[in-house]
Amino acid sequence: MNNQHGPSQHQVRDSSSPTEGKMHKEQNIQNGVSYQGSSVFETTSLANGRVKEHNPVEVPETEHHNVQPCISDSIDRLTLKSSMVPVPPSRPKPSRQRKLERTASLDDRGWRRKFKTSRESVSEPSENGSSNGSIPETVATSRPFFEGGHDRDFQSTSSFPGPHAFGNYSESLSDCEHHISKQRSNSLEHALGKASSSSKPRLSRVTSPRPLPPIELSMASRTLRTANRIDAECVDYKESCNSRLGRPGSSLSDTRLHGSMVCDSCSTDSMKSSSNPLNPIRSKDVRNRSYLEGSLLANGALLGADELDRCFPHRRIGIFVATWNMQGNKELPDNLQDFLFPLDAELAQDMYVIGVQEGCPDRREWEIRLQESLGPHYVLLFSNAHGVLYLSVFIRRDLIWFCSEVEYATVTTRIVSQIKTKGALGVCFTFFGTSFLFITSHFTSGDRKVYERILDYNKIIEALSLPRVIPDTNPYRSNTSDVTTRFDEVFWFGDFNFRLNKDRLGVNAIIECCLETDVSQLLQYDQLIQEMRQECIFKGFKEGTINFFPTYKFDVGCDVYDTTSKQRIPSYTDRIIYRSRQKDDISLLKYASCSLLKTSDHRPVFALFQVKLRPGRDNIPLSAGQFDRELYLLGMRRRTTREQRTRQALKDQKTSKVCSIS
């Protein structure tokens with residue numbers, strides 16, 4: 001409490017004997033009032049435990065009988081102010097007394113300011129984030145506890161000795177602060193608890209009617225988990241990397257990946273280095289590892305299960321297959337993206353295989369256009385030609401390390417072998433443990449030459465000498481007279497030249513009546529479907545459901561069928577068929593034609609597949625990541641130049657000004 005009479009302290013004059021004065025003093029201390037003779041002294045307890053005396057009140061000895069009521073009033077008043085009066089310590093020196101009073105006054109102000117600030121922060125609704133206003137109501141209920149005389153009760157009820165009772169004043173202040181802080185926190189908790197149990201009811205705890213499902217230890221995707229698999233013998237790489245590198249908090253370190261790894265015996269942590277993109281290898285592991293295990297069939301193979309799960313967790317690859325008869329036209333379309341990336345296909349494929357019949361004279365230019373359209377994510381794994389038959393295989397650049405050497409073979413179906421306009425071109429390779437065969441062919445043309453086309457087919461499957469170096473993945477199911485039985489997955493596409501057994505007027509009438517998605521009436525007259533049902537050709541092959549109009553024969557540059565004097569019958573000459581050793585290894589996602597490319601009398605046909613993959617062995621000759629680097633650079637240079645020209649044209653269009661002369 002603030003002293004209104006200044007910091008001076010008055011001494012008590014004792015006129016009686018020492019013993020009697022001592023007894024009077026003890027009694028006065030207990031009652032809170034000190035008087036001697038005709039002088040009465042009021043004492044007040046300070047916050048630091050000392051007793052402060054006010055100016056004496058002179059009372060005449062003749063009015064001694066009026067002293068008792070005055071003392072009673074003083075006692076009642078002091079009892080309301082303080083429930084306990086501490087024992088006054090021995091009197092310090094006047095100079096030290098003034099210092100202690102000044103320090104106590106500053107300490108008292110600090111405590112008041114501190115609790116006032118904390119009280120305002122608790123009652124601030126914007127900071128506590130309460131949506132129903134429960135905390136502000138609680139604070140409002142307990143606010144009187146901090147106001148008025150209760151705030152002073154913290155000081156008067158703190159029963160601890162004065163600072164001069166200790167040897168060091170700083171130590172006594174720290175103890176006092178701790179004592180007051182503890183007492184105030186207990187009172188605050190009591191007030192908040194009392195307010196929380198006020199008129200507003202508390203909601204009961206919501207419990208689930210059934211036990212919650214267990215939380216997965218790994219929240220990352222399967223692709224991320226399998227991309228960081230390690231051997232069981234290297235599970236302690238994390239500790240060794242952290243102790244050596246000393247960068248556990250790096251933004252590119254493995255600290256963010258350790259919690260998302262698969263908790264099994266094969267991979268418990270990522271062992272990627274913080275400073276090296278390659279995984280570290282310890283010398284003792286190289287010395288002690290057994291090379292008699294896991295070289296051909298187990299997980300240690302370069303194309304084994306671990307590598308397959310890392311790249312393809314679902315063990316399926318997406319393949320785009322297309323065929324197009326270009327009619328030998330020199331003019332190439334400027335944009336092939338609508339052809340390679342259909343608008344209704346959400347994802348790009350992992351492999352693009354394009355077969356061309358009657359290709360343009362400049363095959364290199366055609367491949368550059370393909371590379372330019374596919375972009376920097378794909379590289380040309382292999383391309384070859386047989387006369388005017390072109391076959392190009394593009395693959396994602398990060399998958400070239402899992403391909404075997406690529407082999408190819410050609411067959412001419414003409415009587416004169418030097419004429420290579422009709423025939424087949426086959427390409428085969430192994431991707432991980434699955435062998436692929438892609439064949440593009442051009443059969444004999446003519447409306448009624450069905451038998452000749454069957455002969456072309458038989459000659460191709462017998463004459464294609466594949467594979468030569470690549471081992472057969474299942475030699476027990478191979479047939480020496482049929483090349484399509486020596487591979488796991490076979491895709492055959494091209495201009496088969498099978499027609500519709502219907503006259504031109506009848507076909508036109510059906511086309512005008514039927515919708516684009518329902519061409520079943522036309523397919524009843526298709527020669528290829530009839531021959532495949534009788535197993536005369538393409539035995540064991542499948543074809544997707546056709547939901548597009550015939551792709552042959554159009555007038556160049558428009559969507560009108562042949563208007564020349566020959567009046568050729570519209571037909572489904574361009575087809576894509578497939579077969580697999582294991583059932584359901586190949587899933588057809590889409591089978592359609594592209595009507596946007598009109599530089600030829602044929603429309604391109606494409607199909608999207610999902611193919612199942614199997615782990616490979618170390619007995620497969622790898623291609624060592626080879627691809628056509630020169631073609632890649634040319635395609636990227638053209639793509640960049642085209643983009644710059646497009647941006648410059650847009651810039652010139654925005655900055656151009658049109659002047660009108662009136």
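## Close-ups of a six-stranded sheet

**View 1. Alanine 385 has tyrosine 390 of strand 8 as its bridge partner.** Strand 7 and strand 8 (residues 389-396) run antiparallel and share 8 bridges. Strands here are DSSP runs of E at least two residues long, helices are runs of H or I of at least four, and both are numbered from the N terminus. Two strands count as a pair once DSSP finds at least two bridges between them. This is a predicted model, in which local features need pLDDT of at least 70 and side-chain atom pairs count only at pLDDT 80 or more, while totals for chains, interfaces and linings use all residues. Residues are numbered from 1 along each chain as its sequence is written, and side-chain values use heavy atoms, leaving out hydrogens and water.

**View 2. Strands 7 and 8 make a hairpin.** Just 2 residues sit between the two strands, and glycine 387 in the turn has a positive phi of about 70°. Elsewhere along this pair, phenylalanine 382 faces valine 393 in strand 8. As for cover, 8 of the 9 residues of strand 7 are buried, meaning under 20% relative accessible area (over 50% is exposed, anything in between is partly exposed; 1.4 Å probe, protein chains only).

**View 3. Here is the whole open sheet, 6 strands in the order 7-8-6-5-15-14.** Its pairing is mixed. Strand 7 (378-386) and strand 14 (586-593) are the edges, each pairing on one side only. From one strand to the next, the twist averages 15°. Helix 13 (residues 363-374) packs on the sheet and touches strand 5 (316-325), strand 6 (351-357), strand 7 and strand 8, with contact meaning heavy atoms within 4.5 Å. The direction of helix 13 makes about 155° with that of strand 7; axes are lines fitted to C-alpha atoms (for helices, over the stretch in contact), and angles run from 0 to 180 degrees between N-to-C directions.

**View 4. Strand 6 is tucked away, with 7 of its 7 residues buried.** In a regular strand, side chains alternate between the two faces of the sheet. On one side of strand 6 are Met351, Val353, Gly355 and Gln357, and on the other Tyr352, Ile354 and Val356, all buried. Strand 5 runs parallel to strand 6, joined by 7 bridges, and threonine 323 stands opposite glycine 355. Strand 8 pairs with strand 6 in the antiparallel sense over 6 bridges; there, valine 353 has valine 393 as its bridge partner.
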